[in-house]
Amino acid sequence: MQLPQQHPSHATSAPAGGQEPFHTIIEPFRIKSVEPIRMTTRAEREARLTEAGHNLFSLRSQDVLIDLLTDSGTGAMSAEQWACLQRGDESYAGSPSFYRFEAAVRELFPFKHVIPTHQGRAAEKILFSVVGGKGKVIPNNTHFDTTRANVEFTGAEAVDCVIPEGKQPALIHPFKGNMDLGRLDALIREVGPARIPMVFVTLTNNSGGGQPVSLENLKGVRAICDRHQLPLFLDGCRFAENAWFIRTREPGQGERDVKQIVREIGALADGMTMSAKKDGLANIGGWLGLNDPELAQQCRNMLILTEGFPTYGGLAGRDLEAIAQGLTEVVDHDYLRYRIRSTAYLGEALQAEGIPLVLPIGGHAVYLDARGLLPHVPPLQYPGQVLAMELYREGGVRGCEIGTVMFGRRPDGTEAPGPMDLVRLAIPRRTYTQSHIDYVIEVVCRVAKRAAALKGLKISWEPKALRHFSARFEPVA
Ligand SMILES: Cc1ncc(COP(=O)(O)O)c(C=O)c1O
């Protein structure tokens, strides 16, 4: 991957022997097994869009050429992970695969209780059904859609307290995922700590552009939690990417091992929810980490109802093995350098073409600012959805709307514009090569050239919750 505008933080470290670093950061792996992808014609894509009600979640993935819908569970496993699958022990209770999984999690996040779940939202569902309920309030920098939905499903309120810079797409700030500490403190005083079961911080801030949270900010959140005697929980989905940003952007962190940074982050918290489909480098899985034994017991009781016995929690033993191995690979510096650099490669190329983006480029995805690119499409005609559809129509590229479709429907049934209208191009881990990404750049640029001609959409059907997954759309007249 060439580095046309290399940020100092992305420079390779000098190899041993004092030589100059290489300009090109390579994928730190070679390909052992391949999966064909299929080009479709424009007419085919048009037909598939109509059948899908203009909702990209309803497409068959075989009709997608480059699938950037999500980085969740879509990555490639390493040869070592595939080998670990063979070791998976499928005992119902007390499997050695569970103990390997537990040890790997605790190597990074030293929580007393580690409860496996089949994915992140299962951990959320269990936790919030225990601590949530009417009258309760959960602060977060920004709740991810499933987190918000699981909080609200219990009747509790989900409040986002990200710093104001985090809501301005083009504004450069190294840690746009940071919590607004003043706002958090004011919220706790206003609501009263008794109504707040815990404070959450999402690493990195997915809904806000994949933007990281600094260690300093986390310590600030911890101090506020201590003052009000509240537990601090992490939504740790992209903890390793966040730690890499801390290493490369936060003063005084540049010499540290990422694993050390992760352990420090973990030690600041009282618990976490996790989707191992992201920085677990696995295709399925998650966990709930906790220190409070009573809360852990209540969560285990729920786990048995909905997921399974506490030593497998909705996963096969082989899945637990894949996660355990993935957790050792994800903190590797060569991997993280390549990972963050390859996302920036896509973003910087689009930025050079004048495409409005969330800046700086996030860890796992590039977020196109659809409201900026399509100013003539009002937010309630879903500019993000329009742009995402057009990328598929143009070149078979599937992205994901993160905007008014995802966040516009309020619990009281009213509709309002989301904070931003974005299209997320999420990069699956270790999956696509540079030429795939060059193709994506070409597709986005072609669509951007005719942006002024694109028309809005209206919703013809939507479900009661999480409407972006299944709503159907029609072009506005
Ligand atoms: C920040 C964040 N939290 C929670 C989740 C939910 O995880 P899962 O998809 O495994 O249920 C996601 C998934 O994308 C996420 O990005």
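A polar contact is a pair of N or O atoms within 3.5 Å. In this predicted model, the side chain of Gln119 meets that cut-off, with an N or O atom 2.9 Å from an oxygen atom of the ligand. The ligand has 15 residues around it, and the protein buries 97% of the 380 Å² that the ligand exposes when taken alone. The points below cover the ligand site, two open sheets, the aromatic pairs and some backbone features.

**Ligand site**

- The closest of the 15 surrounding residues are Arg121, Asn206, Asp235, Ser275 and Lys278.
- By class, the shell around the ligand consists of seven polar, six charged and two nonpolar residues.
- Helix H4, residues 120–131, contributes three residues to this shell, the most of any element.
- Gly120 approaches an oxygen atom of the ligand through its backbone, with an N or O atom at 2.9 Å.
- Arg238 uses its side chain instead: a polar atom there is 2.9 Å from an oxygen atom of the ligand.

**Five-stranded sheet**

- Five strands form an open sheet with mixed pairing, in the order S2-S8-S7-S6-S5.
- The edge positions belong to strand S2 (113–117) and strand S5 (199–202); each has a single partner strand, so one side of each has no neighbour in the sheet.
- On average, neighbouring strands in this sheet are turned by 15 degrees against each other, with direction ignored.
- Within the sheet, strand S6 (residues 232–235) and strand S7 (residues 271–275) run parallel and are joined by three bridges.
- Asp235, one of the residues closest to the ligand, has Thr273 of S7 as its bridge partner.

**Three-stranded sheet**

- A further open sheet has three strands in the order S9-S12-S11, and its pairing is antiparallel.
- Strand S9 (365–369) and strand S11 (400–402) are the edge strands, each with a single partner strand, so one side of each is left open within the sheet.
- The average turn between neighbouring strands here is 35 degrees, again with direction ignored.
- Five bridges connect S9 with strand S12 (residues 422–426) in the antiparallel sense.
- One of the residues bridged to S12 is Leu368, whose partner there is Val423.

**Aromatic pairs**

- A pair of aromatic rings is described by how far apart the centres are and by the angle between the planes.
- Rings count as a pair if their centres lie within 6.5 Å, and by this rule there are 14 aromatic pairs.
- Phe109 and Phe239 have ring centres 5.0 Å apart and planes at 90 degrees; the pair is therefore edge-to-face, since planes over 60 degrees apart fall in that class.
- Phe109 is in the loop between helix H3 (96–108) and S2, whereas Phe239 is in helix H8 (residues 239–249), so their pairing ties together parts that are 130 residues apart in sequence.

**Backbone features**

- The peptide bond between Leu203 and Thr204 is cis, with omega about -20 degrees.
- Thr204 lies in the loop between S5 and helix H7 (215–228).
- Another cis peptide bond joins Leu359 and Pro360, where omega is about -10 degrees.
- The loop that holds Pro360 runs between helix H12 (333–352) and S9.
- Tyr382 has a phi near 60 degrees, which is a positive value in a residue other than glycine.
- This tyrosine, Tyr382, sits in the loop between helix H13 (370–373) and helix H14 (383–395).

Methods:
Residues numbered from 1 in each chain as written. Predicted model: local features only at pLDDT ≥ 70, side-chain atom pairs only at ≥ 80, totals over all residues. Heavy atoms only, no water. Near = heavy atom within 4 Å. Polar contact = N/O pair within 3.5 Å; in protein donor to acceptor, adjacent residues only side chain to side chain. Areas by Shrake-Rupley, 256 points an atom, 1.4 Å probe, with all protein chains shown as cover. Helix = DSSP H or I, 4+ residues; strand = E, 2+ residues; numbered from the N terminus. Nonpolar A, V, L, I, M, F, W, Y, C, P; charged D, E, K, R; others polar. Pairing = 2+ DSSP bridges. Axes fitted to C-alpha atoms, helices over the stretch in contact; angles between N-to-C directions. Phe/Tyr/Trp six-rings, centres within 6.5 Å; stacked < 30°, edge-to-face > 60°.
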